[in-house]
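Trainee: Hi, have you got a few minutes to look at a structure with me?
Mentor: Sure, bring it up and ask away.
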Amino acid sequence: MTSETAAPVGPFYDALHANYIVTLGDKLDSPTSYEGAVTEHLRVSGVYWSLAALALLRTEGEVDDLMGLTKPIQAATDGTDENKIRSAIVDWVFQCYDARVGGFGGNCSGENPHDAHLLYTLSALQVLAISNSLDDERLDKDAIANYVSSLQNEDGSFSGDEWGEIDTRFTYIAFSCLALLGKLPLPDWNNSNSTQVVSEEKPIIDTYKAVKYIMSCRNFDGGFGCVPGAESHAGQVFTCVGALSIAQSLHLLEDADLLSWWLAERQCDSGGLNGRPEKQADVCYSWWILSALSILGRVDWINTGKLGQFILNCQDDEDGGIADRPMDMPDVYHTFFGLCGLSLIGQLEKIGNKEGQNYRQIDPVFALPTDVVSRLGLKAQVIRNGGVDVEKRLQLHSILDI
Ligand code: GRG
């Protein structure tokens, strides 16, 4: 285990990254775009990654102006003389709402939403959170909460949609959606070992059972898989640690050192992190692993300087954006999670070159800028390790001393 804090050496392409994100939508909309065609089904998540990435580089007002969050903006010209206006992102998100079940689809065809899925329901709520639109009167919070509730199974797990696939991702998503809606009941560890009942009503989900299910997915190596007995994977570790954090249940982890050791072991010679043993490093694990280590209070268990340098090596120095690995094509998923990685190791503000303003920070539990988490009053739980003070971005959560 290492505890290197040496800053990576830049350059960091702030302006190129912002331009890459702002121009992406028009490129994907082009009828000849290959990337547009293959990512069409997950466009709501793509919009969330884009907005959240830009939100780390620019202020709330700048993001609105550049992306057209709450107002329509001029789309890029398509070679004709026509002025194309793109509708506000918030309005488009509401077109993706599948009122039939109460969740959001990943896109819409004209006025028709794609079938709802928990994945896109969270992305849609995250876009609305970033846009300060969670109180928009079009948002039917009860219907969405009922949709989430309808996907909980008898053993506490969650399915992603009506077709039934079960995965610990969906438990994290269910908790995060209900937290964003202000409707998550917490487990009652002090009294009844069940889910807290507020005002005599049956809780919307059984959070206690859901947390128990998460713990049943823990493995001998300290990690978590997508279902009981499945191989540990860093992505699933984020979802399980994140879910325990949102449900104020991190005390169940008991041996957080074993899990943190497994996470720290994911660092490769290149400085990058992989998702499981014997796999290649990939920029996105900078998020899945660092977010978990942040919640566990152990970011210093990896060599953060080397990781920061790996992320910088994955930048496209001509067109902006960040790729999974050096010399690969950038995409917005890796751009977002690369920026998150730099933020979580405290390097964005050190190597970034934005004058006169601080960079916004990412919250490791809700994957939203910390100012948004604070504005919404979202509260999770983080571990204070070895008496070391928790860093400022985490102080809005409850702190567990173990
Ligand atoms: C709000 C940030 C946020 C997330 C919502 C969707 C979700 C909840 C979490 C996904 C967690 C997860 C499973 C991430 C891993 C994604 C990934 C890179 C999978 C690749 O798996 P393999 O097997 O790759 O193709 P490896 O790297 O193992 O070879």
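Trainee: Thanks! How much accessible surface does the protein chain have, and what share belongs to carbon and sulfur atoms?
Mentor: Keep in mind that this is a predicted model. The accessible surface is about 17000 Å², and carbon and sulfur atoms account for 49% of it.

Trainee: And how many of the residues count as buried?
Mentor: Of the 402 residues in the protein chain, 57% do.

Trainee: What about helices and strands, how many of each?
Mentor: There are 16 helices and ten strands in the protein chain. The radius of gyration is 20 Å, close to the 21 Å from the globule rule for 402 residues, so the chain is as compact as a globular protein of that length. Its C-alpha trace spans about 65 × 50 × 40 Å along the principal axes.

Trainee: Switching to charges, how far apart are the mean positions of the positive and negative ones?
Mentor: They are 3 Å apart, for 29 positive and 56 negative charges.

Trainee: Now the backbone. Which residues other than glycine have a positive phi?
Mentor: N132 is one of them, with phi near 55°, and A367 is another, at about 55°. Most residues other than glycine have a negative phi.

Trainee: Where is N132 found?
Mentor: N132 is in the loop between α6 (118-130) and α7 (141-150). It is partly exposed, with a relative accessible area of 49%.

Trainee: And A367, is that buried or exposed?
Mentor: A367 is buried, because its relative accessible area is 6% and the cut-off for buried is under 20%. A367 lies in the loop between α15 (348-351) and α16 (370-376).

How values were computed: Residues are numbered from 1 along each chain as its sequence is written. This is a predicted model: local features need pLDDT of at least 70, side-chain atom pairs count only at pLDDT 80 or more; totals for chains, interfaces and linings use all residues. Side-chain values use heavy atoms; hydrogens and water are left out. Helices (H or I, at least four residues) and strands (E, at least two) are DSSP runs, numbered from the N terminus. The radius of gyration is taken over C-alpha atoms; the globule rule is 2.2 Å times the number of residues to the power 0.38. Buried means under 20% relative accessible area, exposed over 50%, partly exposed in between (1.4 Å probe, protein chains only). Accessible areas come from the Shrake-Rupley method with a 1.4 Å probe; for residues, only the protein chains shown count as cover. Lys and Arg count as positive and Asp and Glu as negative; His and the chain ends are not counted. The place of a charge is taken as NZ of Lys, CZ of Arg, CG of Asp or CD of Glu.
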